[in-house]
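Got the viewer open and both chains loaded? Follow along, and we'll go from the whole assembly down to single side chains.

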2 protein chains.
Amino acid sequence: MAKSLADLRCSVARSLDVIGERWTMLVLRDAFNGMTRFEEFAESLPIARNILAARLKTLVDHGVLAREQYQDRPPRYEYRLTRKGADLYPVLIGLFNWGDAYLAGDDGPPLDLTHHKCESPEAHPESVVVCRGCGEHLTPRDVRRSA
Amino acid sequence: MAKSLADLRCSVARSLDVIGERWTMLVLRDAFNGMTRFEEFAESLPIARNILAARLKTLVDHGVLAREQYQDRPPRYEYRLTRKGADLYPVLIGLFNWGDAYLAGDDGPPLDLTHHKCESPEAHPESVVVCRGCGEHLTPRDVRRSA
DNA sequence: CAACTCCGTTGCGAATCGCAACGCACGAGG
DNA sequence: CCTCGTGCGTTGCGATTCGCAACGGAGTTG
C-alpha cells in the first residue's frame, strides 16, 4: 500500500496513504470519542486484533496517535490523538455528515452530536469548505488550480 | 467489505463502506477535477483497469457518480458527480488540507487551489467544522453525543 | 484490411484480511 | 502452589482482494 499512493505528488493521496486503510478512520473516530486503550478499541469495533495492532502501529509511526505508558508491571500503553491527529476532525465530521444525509436508516441518523454551548435545535457540527482569505463558503466551481 | 462496515450503526462506517476502498477517493478527486471518462481516470492514476472498472461501478451503484451515454456506435459513457457525490467536497478538501499541512515534501504542497473571486493571497479552500445552529467554529471538545 | 482508440473483462500470482488460537506478564482466589 | 481472569498483542492459515498483463469487441482512420 505504502509505495504506490505516497509518491503520487498529491496531498489527498498522501493523506490516504496514512489514514485510508480499512478500519483506520473508525479507530480515529473512537479516539475522538475518548477511547485510548487497545481493549476499548477492540470491543468497540468488529476488527481482528492483529489488524487493530497494525493500524495503531502505523498511526503511531505517522504521529497521528501518541503511545504513552500509563503503568509498569506489566507495561501498558494508551493511544492519544496528537495535534496532527486532531486536525483530521473536518474529515471525520465530513464523513459523519455525509453518512447522516445519504445513508441513514429508517430511524434516522444513528448518533446525534451537539454543540453543547449552543441553544439552537440545529446545534450540530458540520464540515464545510470556506475560503481562508475571505471566509466565504465555497463550492467546487469557486475553486481552480493556480500552480 | 460491504457487510461488516455497513451495519455498524455509524454514519462514518457507512460512508466508508461506500467511499473507503483503496483508490475511490482519488477517482472522486479526479471527478471533482472535471474528468469524466474511463480513459482519463486510467491515465491520471496508476490504478489497474479492472479495479478502476470495479470502483466506478460501485460509485454508480451508490449514486455518487451518474453514468451517462454520450455517443452510440460504439456506446460510450461518461461518469459525472451527482449531488450526492458533490457533497463529499468537505471530505476531499479535508484530506487535501491535512496532506498539505503535514505530508508536503520539501518543495511545499504539490498543488495549489485558489478561490478565484478572492483577492487575498490566502484565498485557498479550507475544510472546517462549524455549528449549524450558531455558525461558530468547533473543536472536538465543543461537541458531545446527545442521543 | 491493418492499425488505432475507447472501454472494459479475464487469468493468475502476490499481497492483505479475518478468524481463532496462542503467548506472556501480572494480580486475585482458593 | 495452582488456576483463573485481564490486558495486549502475535502467529497460522484459509479466504478475499489487488496488480499486472493480455485479450476482446465495436467502431474509425489511412
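Start by superposing the two chains of this predicted model. Chain A lands on chain B with an RMSD of 0.0 Å after a turn of 180 degrees, with a shift of 0.0 Å along the axis. The two copies are thus related as by a two-fold rotation axis. The same surface is in use on both copies, too: 100% of the contact residues of chain A recur in chain B.

To find the axis on screen, select V91(A). Its C-alpha sits 2.5 Å from the rotation axis, and no other residue of chain A comes closer.

Now colour the contact residues. You should pick up 79 residues of chain A touching 79 residues of chain B. How much area is buried between chain A and chain B? About 7,300 Å², with carbon and sulfur atoms giving 66% of that. Show W98(A), H115(A) and R132(A) as sticks: this trio supplies 10% of what chain A buries against chain B, more than any other three residues.

Next, look for polar links across the interface. There are 30 residue pairs in polar contact between chain A and chain B, counting pairs where both residues are at pLDDT 80 or more. Switch to cartoon to see where chain A's side comes from: the elements giving two or more residues include α1 (2–6), α2 (11–19) and α3 (24–32), along with β3 (113–115) and β4 (125–131) of chain A. Which element gives the largest share of the side of chain A that touches chain B? Select α7(A), which contributes 13 residues. Colour that whole side by class and you get 43 nonpolar, 18 polar and 18 charged residues.

Now zoom in on β4 in both chains. β4(A) pairs with β4(B), residues 125–131 of chain B, in the antiparallel sense over 7 bridges. To check the register, pick E126(A): its bridge partner in β4(B) is V130(B).

Keep E126(A) selected and add R132(B). Their side chains meet in a salt bridge, 3.7 Å from N to O. This pair joins two chains, because E126(A) lies in strand β4 of chain A while R132(B) is in the loop between β4 and β5 (143–145) of chain B.

For one more charged pair, go to D142(A) and K117(B), a salt bridge whose closest N and O atoms are 4.0 Å apart. Between chain A and chain B the count is 4 salt bridges, while the structure holds 16 over all chains.

Key: Residues numbered from 1 in each chain as written. Chains lettered and ligands numbered in written order. Predicted model: local features only at pLDDT ≥ 70, side-chain atom pairs only at ≥ 80, totals over all residues. Heavy atoms only, no water. Least-squares fit on C-alpha atoms with pLDDT ≥ 70 in both. Contact = heavy atoms within 4.5 Å. Buried area = accessible area lost by both parts, 1.4 Å probe. Polar contact = N/O pair within 3.5 Å; in protein donor to acceptor, adjacent residues only side chain to side chain. Helix = DSSP H or I, 4+ residues; strand = E, 2+ residues; numbered from the N terminus. Nonpolar A, V, L, I, M, F, W, Y, C, P; charged D, E, K, R; others polar. Pairing = 2+ DSSP bridges.
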